Amino acid sequence: MDRGQALKTTIPEQDYMTSGHIACSGCAAPIAMRYCLKALGEKTILVVPACCWTIIAGPFPYSSLKVPLLHTAFETTAAAASGVRAAIDIKGDTETTVVGWAGDGGTFDIGIQALSGAVERNEDILYICYDNEAYMNTGIQRSSATPWGAWTTTTPAKHPEDKPKKDIIEILVAHQIPYAATATVAYPHELMAKVKKAKGIKGSRFIHILSPCPPGWRMSDELTIKASRLAVQTGIFPLYEVEKGRKYTITVPRKEGVPVTEYLKLQRRFAHLKPEDYDIIQKNVDRAYDRLLRKTKQSETL
Amino acid sequence: MKKILMGNHAVSYGALLSRVEVIAAYPITPQTQVVEELSEMCAQGKLKARYINVESEHSAMAACIAAEQAGARTFTATSAHGLTLMHELLHWAAGGRLPIVMANINRSMAPGWSIWTDQNDSLSQRDTGWLQIYCESNQEVLDSIIQAYKIAEQILLPVMVILDAFVLSHTFEPVDIPKQELVDQFLPELDYPYKLDVKNPCSFGSLLPPEYYLELRYKVQKAMEEAHDVIIKVDKEFQQVFGRSYGGLVEEYRTEDAELVLVASSTVASTSRMVVDQLRDEGVKVGMIKMRFFRPFPTKEVTNILKQAKKVAVIDRNISYGQGGIFCEEIRSVLYNIDRQEKPPVFGYIAGLGGRDITPTTIREILSHTLKEDKPKENIIWIGVKH
């Protein structure tokens, strides 16, 4: 490489997030927001419920964002996004993308009623869930997005989480929405391509982003990208999309021969697990990935 | 143009004439006809609004808040469990200074299930920062919706327009429907100053450290205080344009030389007016005040009228458990600070909970009891309790 030249990146340089946000170091949530806004552009209105991003956006009178932001009550993201959509539509603006941006608690748990209601009405909104797999803003309590075997402050190591992570994409797919997809910050081009694709579709769109949380996952803060990548390579968090509730496409296949332990051992939230627990997780991940492959093969054309 | 309308449809016509732009609503007895009619008006193109069929009242208010923040005039209607489900967001709407107007049909809270009227649903929202208007007739309902937008959009606080379940919501009365041009002249298009705008990106509702929060709440109270004069001004303007007025915050009836003043609200005020006339014919010096507004509380009016009286009787179709009738307690509270050593004794009556009828006989019983006794022996005087 010619060292005299500035590094060229294929990621657009235009930013709609500022430096100086107050996320914890290594947090994937601001990285995800930054990429998503690059893909969405300035004609974007964000609706954010109580979640880590309430803090990351900055306290009054500061803001780390260059797009309008409406903070809303914990359980209301999708309903509030519906309201913004209705208002700007009636005023003649059908171009601006209205984005609900919520954590896993606000999506999988307390906000799922409003989310189900909004997507059933096929509201013209993009809902992005950044999923750090527990209530991290309140200090690491389990949510229905917490994976089997994980430690949290409400699932202590002696009695770790004993239920599987809720399959949120399948819940959204069951509503037959135009577009549902998963993404991680380890594959930024892929993430941005999905956001851009979603932006171009009318109706309800849902993107589920795995969002590693170094303090909550009990891991070193430089491991966020590595953990995001291993989640995909092990098949723990497969990257795929589902169009119109029927066409499944795996967008980044998992890597053969990467065991789940490579992902799990990065994080001390799984430190209490025994070898037989790893076997259980490996079997469950393999089974789920096979199921996804079958759905891809059996999936209908659009 | 006059039409025979049920109370609920009077609400719908009020919203139609106010040219609401976003409606988010969920059905609940006895409110349902309000939103059915609005949905029909939208479908027919009579009303150019977005109608969102939300999955709960909680989402109805969330959508209204967001739509209002995006600059649209919004409306919803609810009742009882729907209203109380919204409670969190009622705080949000007022704290966000969003001039939303909502109709609430007063219905009792379960258990046991009741669809009939009392005021505990709306009075439980007392401290949320919403203005509250209690209506007596279908005409007042329609007119109050239009007035409510005008008041709300001046002071930037939300307004609840309230009517009794069935006694008003399902009763048909002749209602004068004002001309659209006159309403447009009275109520100009909303120009909300603080809105979501991609050309001027701002954040709304950010984390607010202690050095700012107190001032924002102080301003909500100041807006409530300012509302007092705005309500009176808007009611006078309404009179000039439409020929009808409602006395602003309270309506006085035959109080000029009254020794006993009855305090009532909602449809109970109509019945009370008739009983006052009967007793006046019998030579009793009795008058009435109708509490049209509960928030802001008409402290000045109530004090000025009641300090002339020898006795006060308050009818509450509501209760704050462990204290008493809610209107009564607030009236006692504002009278506490008057200069006169001899304050009028305030008799607090609770009647008609869960939609039990408050008839002329009930009101006569209340007035006779007040005339007979020197002072209330108990904080609450219950009417019609079967033991």
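Contact here means heavy atoms within 4.5 Å. The model is predicted. By that rule, 36 residues of chain B are in contact with 37 residues of chain A.

**The interface**

The size of an interface is often given as the accessible area lost when the parts come together. Chain A and chain B bury about 2900 Å² between them. Carbon and sulfur atoms carry 67% of that area.

Charged side chains also meet here. The rule finds three salt bridges across the interface of chain B and chain A. In one salt bridge, the side chain of A:K91 meets that of B:E21, with 3.1 Å from N to O. Polar contacts are found across the interface too: 10 residue pairs, with both residues at pLDDT 80 or more.

Which elements of chain B supply at least two residues each to the side that touches chain A? They are β3 (50-53), α3 (57-69), α5 (87-95) and β9 (203-204). Helix α3(B) gives the most, with seven residues. By class, this side of chain B has 21 nonpolar, nine polar and six charged residues.

Strands join across the chains as well. Strand β2 of chain A, residues 69-71, pairs with β9(B). The pairing is parallel and runs over two bridges. Within it, A:L69 stands opposite B:S203 of β9(B).

**Two buried residues of chain B**

Now turn to B:M6 and B:Q31. Are they buried or exposed? The table gives their values.

| Residue | Place in chain B | Relative accessibility |
|---|---|---|
| B:M6 | strand β1 (residues 2-6) | 5% |
| B:Q31 | loop between β2 (22-25) and α2 (32-43) | 0% |

Buried means under 20% relative accessible area. B:M6 is at 5%, so B:M6 counts as buried. B:Q31 is at 0%, so B:Q31 counts as buried.

What does B:M6 touch, not counting residues up to four places away in sequence? The list is B:Q33, B:N138, B:S169, B:H170, B:T171 and B:F172. Take B:N138. This residue and B:M6 are 132 residues apart along the chain. Their C-alpha atoms are separated by 7.1 Å.

B:Q31 has its own set of contacts. Leaving aside neighbours within four places in sequence, B:Q31 is in contact with B:N8, B:Y26, B:A77, B:T78, B:S79 and B:I105. With B:Y26 there is a polar contact: the side chain of B:Q31 reaches the backbone oxygen of B:Y26 at 3.1 Å.

Notes: Residues are numbered from 1 along each chain as its sequence is written. Chains are lettered from A and ligands numbered from 1 in the order in which they are written. This is a predicted model: local features need pLDDT of at least 70, side-chain atom pairs count only at pLDDT 80 or more; totals for chains, interfaces and linings use all residues. Side-chain values use heavy atoms; hydrogens and water are left out. Buried area is the accessible area (1.4 Å probe) that two parts lose on being put together, summed over both. A salt bridge is a side-chain nitrogen of Lys or Arg within 4 Å of a carboxyl oxygen of Asp or Glu. A polar contact is a pair of N or O atoms within 3.5 Å; within protein, one must be able to donate a hydrogen and the other to accept it, and residues adjacent in sequence count only if both atoms are side-chain atoms. Helices (H or I, at least four residues) and strands (E, at least two) are DSSP runs, numbered from the N terminus. Ala, Val, Leu, Ile, Met, Phe, Trp, Tyr, Cys and Pro count as nonpolar, Asp, Glu, Lys and Arg as charged, and the others, Gly among them, as polar. Two strands pair if DSSP finds at least two bridges between them. Buried means under 20% relative accessible area, exposed over 50%, partly exposed in between (1.4 Å probe, protein chains only).
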